[in-house]
Amino acid sequence: MVTQTHHLEHTPLLANALNPLRKNTSSVTVRSPPQLITRCRHVPRSQLSISAPKREKDTRKRVVITGMGLVSVFGNNVDTYYERLLAGESGVKLIDRFDASEFPTRFGAQICGFDSDGYIMAKNDRRLDDCQRYCIVAGKKALEDAGLGGVQLSKIDKERAGVLVGTGMGGTTVFSDGLVTLMEMGYKKVSPFLTPYSIPSMGPASLAIDVGFMGPTYAIAAACATSNYCFSAAANHIREGVADLMIAGGVDACFNPINLAGFSVCNALSKRNDDPQAASRPWDQSRDGLVMGEGAGILVMESLEHAMKRDAPIIAEYLGGATNSDAYNVTDPRPDSFGVTSCIQSSLLNAGVSAEEVVNYINAHATSTKAGDIAEIKALKKVFKNREGIKINATKSMIGHALGAAGGMEAIATIKAIQTGWVHPTINQFNLDPEVEFDTVANHKQQHEINVAISNSFGLGGHNSVVAFSAFKP
């Protein structure tokens, strides 16, 4: 149970689990949080009588995952991506996209050899920021995975299909290059595409133009929590009958001098230039900061009714999610972890599951920062009083922190774990922080039959988001 302190008394931190964009009208209040963690506190998980979760029964409101697509430091194939995660490989190396020799951090999980051939017309490809390029390629790959590649798109009503792909930063390379041109050559030499290709919403807009989707199409910007915000909002569009199908996820492409400078001067990055692949150390006592990454992670989400009508391949089920705000600090998490705790509880309430019954896998936010890692652990310990049989891991230990794309790429890792029965390791676990009282799948993959999984994402400014997935069961 969360204990509220005096200075939090009038702070409405419990998320509206039904709609992150709507004022909270739930009868659940902060003073009386949902009874999700108290019934079985002292009973071993092996002795619990597991009851079926309270799932949505209306096929128009059940949301299923039918396709996944990504762009990552391990390539653009979902299966290859997960195989390399299971192998415990690191995608981190020295930056070579620009001269980083004068920076205190000179490495990251930078994508090399990206190829958009067959997905973006060459003329347009030259103009786009990588933020849009990654979005288009990952989105089209997700559609292919969902059986909606090419002419197959004619099977669906495009007026009831939308694109909700967010970004933490937007087209920053196009913008920074334009600024250099302005300063060196004057405004007349600035590209006319600077404005459209630097704004955050141009990724989903470009993808929607390419595939002809006319439903809800926009971007959410919630820093590193962005992808989960998009999944929650996309599910709401489906559940409310606005859309049958949504492409949803996150994208970021931040490897340029201005972004590296910004993260460096705020002291957010690891400085292990002599050992980049061991730099991201979530929960390790020697962690010294995050490792910057990039990419895109996108899901095709649709109502079960719609998926069944078109005989779609159903990969997993989205059970629910929640978002809220720490309302505390621009960069630091709340020391009492109240907002994160509340967000996890609300996500479980929205998903129709309870912590002590079925949740047994957590893909953690776990960025490898001193304060952030422990703030998340504190929240998880408050919600999951009985931790027997729960496994948590940190995808960022291998692919770095892809900012707004992180949640999308981690959602794919979560769903692959559900599908395969294997959870990937958290690498670079040398000396576990004593406050971490979970199985972190240290350094080697583990077999694990997953009942319900949650994926956490938290962002600068106190943006919190949690989503829940399970295997699809008719």
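**Exercise 1.** Work out whether D373 and R287 are buried or exposed, and which parts their pairing ties together.

*Solution.* Start with burial: both D373 and R287 are buried (under 20% relative accessible area, with exposed over 50% and partly exposed in between; 1.4 Å probe, protein chains only). Next, the contact: D373 and R287 form a salt bridge with closest N and O atoms 3.6 Å apart (a side-chain nitrogen of Lys or Arg within 4 Å of a carboxyl oxygen of Asp or Glu). Finally, the location: D373 sits in helix 11 (residues 370–383) and R287 in the loop between helix 8 (257–265) and strand 7 (295–303), so the pair ties together parts 86 residues apart in sequence. Helices (H or I, at least four residues) and strands (E, at least two) are DSSP runs, numbered from the N terminus.

A word on the model: it's predicted, so local features need pLDDT of at least 70 and side-chain atom pairs pLDDT 80 or more, while totals for chains, interfaces and linings use all residues. Residues are numbered from 1 along each chain as its sequence is written, and side-chain values use heavy atoms, leaving out hydrogens and water.

**Exercise 2.** Place the salt bridge between D130 and R133.

*Solution.* Check the distance: N to O is 2.7 Å. Then the spacing: D130 and R133 are three residues apart in helix 3 (residues 130–145), which means about one helical turn separates them. R133 is buried, at 16% relative accessible area. Now widen the view: salt bridges with shared partners join R97, D125, D130, R133 and E294 into one network.
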